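Colleague: I would like to go through this structure with you, one point at a time. Please give the reasoning before each answer.

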Amino acid sequence: MTEVAATGVLAPDVTSDMRAARTHLARRFLKNPLGVAALSVLVLIVLAAVFAPLLTSYNPNAVSVLSILQGPGAGHLLGTDGAGRDVWSRLLYGGRYTLAGALLATFVAALLGITSGLVAGYYGKWFESAASWVTTLLMALPGIVVLLAARAVLGPSLWTVMIIFGVLLAPAFYRLVFTAVSGVRNELFVDAARVSGVSDFRIISRHILTVVRAPVIIQASIVFGIAIAVQVGLDFLGFGDQSIPTWGNMLNDGFTNLYRDPQLVVWPGLAVVLTGVALTLFANALRDELEQSARPSRRRRAAAAVAATAAGSAGPDTDTIVHEEPGSPAQAPLLDIENLAIGYPQPDGSVTRVVNDVSLDIRRGEVHGLIGESGSGKTQTAWSVLRLLPSGGEILDGSIRFDGEDLSKVPETKMRDLRGGRIAYIPQEPMSNLDPSFTIGNQLTEPMRIKLGLSKAEARARALKLLGQVGIPDPERTFASYPHELSGGMAQRVLIAGAVSCEPDLVIADEPTTALDVTIQAEILDLLRELQQELGVTILIVTHNFGVVADLCDRVSVMQKGRIVEMGSARSIFADPRHPYTRSLFDAILDESPARGPYAETRP
Amino acid sequence: MLTFTVRRLLYGVLLLFVIVTLAYLLLYAAAGNVGRTILGPTATQATVALKNQQLGLNSPLLSRYFSWLGHALTGNFGSSWFTNQPVTTAILTRLQVTLTLVFGAVIVSAVVSAVLGVWAALRGGWVDRVIQVFSVLGFAVPGFLIAVFLVRYFALGLHWFKPTGYVPITYYFGGWVRTVTLPVIALSIGLVAGVAQQVRSSVIDALRQDWVRTLRSRGLSERSVLFKHVLRNAGGPALSVLALSFVGLLGGAVIIEEVFGIPGLGQVAVLATSEGDVPLVMGLVVAIGVIVILVNLVIDLLQGFLNPKARIS
């Protein structure tokens with residue numbers, strides 16, 4: 001069962017971006033305690049096998065009828081086996097044959113697999129299709145059966161069996177090298193080398209082999225483990241060459257004498273397990289280091305982001321500029337956020353705050369824009385209203401009153417009732433926000449059946465009606481479609497239909513047009529405006545685009561570095577942006593979007 | 001979808017044809033003097049020649065191959081050289097035993113891996129670490145060693161199960177359970193190690209997807225999000241691992257059947273190859289090839305069910 005795991009599963013994630021991995025991998029590996037421990041065990045096992053004659057004075061094959069099945073003791077360190085042979089010396093010499101056999105298989109597999117992988121990956125063409133055919137063929141054969149057949153024909157030689165097994169395992173290396181090489185073949189640095197007249201041989205050895213070196217070592221240690229397992233398995237069944245001491249032959253003898261001396265299987269079993277575990281841990285540790293060093297850029301970026309927010313939170317604690325409005329509302333606001341703070345506790349005990357002291361209120365029936373650049377904390381604020389912060393995120397302080405109830409304190413079951421039913425969500429990126437495995441119809445009807453208690457037929461009818469309402473030309477067809485069959489604009493319409501399906505009071509739209517084409521953006525904004533007027537729903541729209549605000553919003557909150565800097569009616573903020581950050585956002589519109597030009601006139 | 005399935009099936013049949021042809025030519029080319037092998041060193045030259053003639057071994061290899069292929073297509077694979085039992089009978093009687101073990105192991109591994117993988121993905125912490133350690137052990141320790149251990153403690157020690165033999169389920173259910181449990185466990189552990197790891201990482205992966213937040217925002221219960229949506233999306237990669245391991249599982253069954261003395265295909269394989277019973281070996285090659293093709297077909301269909309994108313390709 002392990003043999004295929006190696007040939008198929010490993011290749012893709014190991015090969016990903018291996019170029020970055022070359023640097024310092026060995027040094028990093030030596031700092032991984034588990035990896036070093038595994039490597040030390042392997043070295044010890046190899047040394048014990050190599051220096052067997054120094055560690056024992058017994059001949060591993062010396063049969064002695066007088067000392068059959070003796071327990072461990074003075075004469076024999078680990079006792080004797082069913083033929084009176086010294087177990088300790090057989091274990092040491094057995095290591096020699098077992099390890100050498102597995103090494104041979106690994107060598108053959110690596111030689112065939114790497115060579116054919118390089119040729120197929122670098123030159124492609126007919127060789128590639130032939131090689132992939134042979135690979136499929138080899139992988140469809142159960143190794144053990146082939147080896148049994150080969151043994152029947154060629155006799156029980158350890159070396160022959162291991163060479164054949166090496167051929168069977170070659171796909172493990174072939175796939176790995178082929179994927180890596182065909183990925184790297186058209187990279188710029190390879191092109192550059194080719195253009196500057198470097199020979200193919202040099203390109204392969206200098207630029208390509210270095211890329212696959214570490215993954216090949218990982219694969220080799222796994223293949224080595226599998227070769228040991230299979231070889232020991234065959235010997236254990238009694239199909240090996242009985243004249244040489246191997247761990248498998250020892251197991252065979254131990255199993256025969258299982259009733260009389262159970263510990264005979266323990267020593268070779270322990271040797272096999274120890275070697276196997278050490279090889280697996282070695283491969284895992286090397287892979288962990290490889291994957292980590294393959295993405296240092298991401299970690300640096302994350303560190304930079306944290307630094308930025310930290311700097312932001314340390315900024316001057318100025319008050320929010322509030323534009324006074326004639327006649328304050330009679331009704332209590334639908335959503336009233338006060339002094340909200342959101343943070344992510346770090347492993348070192350500190351807390352990275354992404355939102356500081358945000359207060360804003362949203363009146364019934366209004367469209368409220370929450371505007372700010374990316375990283376200002378506006379999406380985090382929106383998610384906190386739904387209590388769907390990414391894992392690790394917490395509301396540290398403040399309250400979120402929805403219709404009088406503090407959402408930061410209600411139990412999860414109550415929150416689940418509110419979600420979808422009273423507070424709904426329209427995401428930013430339509431294609432990644434639909435479950436790819438279910439039809440649109442299924443995803444639309446599931447919440448309606450829970451929230452509105454509709455029957456299957458009723459939910460279907462309502463879903464079709466909603467799809468029509470959001471402007472989908474053929475609701476029946478879309479209902480039966482899967483997400484990957486829709487365009488981005490269509491998917492966003494579906495998500496909007498989903499958001500309003502259970503008659504919510506508040507819809508939180510997180511940059512609902514950012515991921516769409518410009519023409520479709522306008523259509524989606526129109527749709528939101530229509531729905532808002534038709535259904536009378538309150539909308540909190542998160543955006544970084546003043547054009548969207550101008551199109552839709554009654555009131556606006558401007559957010560910068562985790563706090564609200566300016567707030568008021570859209571009209572008065574457009575007429576008189578007071579905070580420098582708000583003004584800079586207006587400047588940004590001028591730069592990026594001439595279509596929204598008219599508002600430039602309102603600038604002071 | 002249908003054309004895709006048909007194409008995969010045809011591809012499988014072609015592959016089987018290539019394997020069978022290679023196996024036939026190689027096995028017969030290497031078989032040597034068959035009559036001598038069967039009759040032993042004491043037989044006279046004349047009887048050996050007669051035996052070879054009876055077996056039709058005097059005609060050229062290629063014509064023998066085509067005649068075998070013609071018969072094989074009608075389901076006639078000849079008879080064993082040593083027992084004279086028809087190959088089809090010899091294989092069919094043992095096939096269901098091996099299939100019981102292999103499919104038992106597949107089902108047990110699928111269920112256990114799903115539970116362990118999801119658990120590790122959701123809980124993290126010590127549960128995750130325990131499962132990681134278990135995975136390393138399961139991957140590194142050969143199945144037959146686990147089998148020996150199980151026999152030693154649960155059959156010989158505690159007498160909960162039978163150490164050897166096989167009782168058909170139709171004959172006596174209790175006996176069947178006592179004979180198949182340990183072999184199925186021994187076969188499953190290595191598979192669970194690989195598949196649980198895959199389930200774990202694909203569940204973690206799926207939970208990070210945007211649509212999970214959107215589904216939650218619709219007010220779906222955590223149970224529905226997890227078991228209906230996340231698990232279905234995580235199922236595809238896990239199924240691939242399971243499928244890739246299937247061929248290895250058939251190989252593993254050979255050794256496990258030997259350890260537990262179970263009269264399945266593995267025993268036929270061991271016997272036929274050690275005696276050099278070429279007709280029987282050829283029958284095995286065909287049987288295993290057909291099983292592998294059928295299993296791959298079922299896996300393809302399941303993948304199509306789980307992943308709508310796979311249906312169009």
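Colleague: Which helices are included in what covers the buried residues of H17(A)?

Modeller: Bear in mind that this is a predicted model. Helix H17 of chain A runs over residues 440–451, and 10 of its 12 residues are buried, so H17(A) is largely enclosed by the rest of the structure. Among the buried ones are Ile440(A), Leu444(A), Met448(A) and Ile450(A). The cover includes, from chain A, helices H16 (412–421), H18 (456–469), H19 (475–480) and H20 (488–500).

Colleague: What span is expected for H17(A) at 1.5 Å a residue?

Modeller: H17(A) has 12 residues, and the expected span is 1.5 Å times one less than that number. The helix reaches 18 Å from its first C-alpha to its last, close to the expected 16 Å.

Colleague: Which residue just after H17(A) takes a positive phi?

Modeller: Most residues other than glycine have a negative phi. The residue just after H17(A) is a glycine, with a phi of about 65°. It is Gly453(A).

Colleague: Where is Arg387(A), which has a positive phi although it is not a glycine?

Modeller: The phi of Arg387(A) is about 55°. Arg387(A) has 20 other C-beta atoms within 10 Å, and 20 or more is the cut-off, so it counts as buried. Its place is the loop between helix H15 (378–386) and strand S5 (394–402) of chain A.

Colleague: Is Glu511(A) buried or exposed?

Modeller: Glu511(A) also has a positive phi, about 45°, without being a glycine. It is found in the loop between strand S8 (506–510) and helix H21 (518–535) of chain A. There are 21 C-beta neighbours inside 10 Å, so Glu511(A) counts as buried.

Colleague: How many residues does each chain give to the contact between chain A and chain B?

Modeller: On the side of chain B, the largest share, 15 residues, comes from helix H10 (residues 222–260). By class that side has 33 nonpolar, 18 polar and 8 charged residues. The contact takes 64 residues from chain A and 59 from chain B.

Colleague: Why is H8(A) called oblique to H10(B)?

Modeller: Helix H8 of chain A covers residues 143–154, and its axis comes within 6 Å of that of H10(B). Gly143(A), Ile144(A) and Val145(A) meet Gly251(B), Val254(B) and Ile255(B) there, a contact of 4 nonpolar, 2 polar and no charged residues. The axes cross at roughly 60°, which makes the pair oblique.

Colleague: Which element gives the most residues to the largest nonpolar core?

Modeller: That core has 239 residues, and Phe173(A), Val507(A) and Leu284(B) are among those that touch the most other members. Leaving out residues up to four places away in sequence, Phe173(A) touches residues including Ala109(A), Ile114(A) and Val216(A). With 20 residues, the element that gives the most to the core is H10(B).

Colleague: What share of the contacts in chain A with a separation of 6 or more comes from residues 24 or more positions apart?

Modeller: Chain A has 24 helices and 11 strands. Of its 604 residues, 47% count as buried. For residues 24 or more positions apart, the share of those contacts is 71%.

Terms used: Residues are numbered from 1 along each chain as its sequence is written. Chains are lettered from A and ligands numbered from 1 in the order in which they are written. This is a predicted model: local features need pLDDT of at least 70, side-chain atom pairs count only at pLDDT 80 or more; totals for chains, interfaces and linings use all residues. Two residues are in contact if their C-beta atoms, placed from the backbone, lie within 7 Å. Helices (H or I, at least four residues) and strands (E, at least two) are DSSP runs, numbered from the N terminus. Ala, Val, Leu, Ile, Met, Phe, Trp, Tyr, Cys and Pro count as nonpolar, Asp, Glu, Lys and Arg as charged, and the others, Gly among them, as polar. A nonpolar core is a set of buried Ala, Val, Leu, Ile, Met, Phe, Trp, Tyr and Cys residues joined through C-beta atoms within 7 Å. Axes are lines fitted to C-alpha atoms, for helices over the stretch in contact, and angles run from 0 to 180 degrees between N-to-C directions. Angles under 35 degrees count as roughly parallel, over 145 as roughly antiparallel, 65 to 115 as roughly perpendicular and the rest as oblique.
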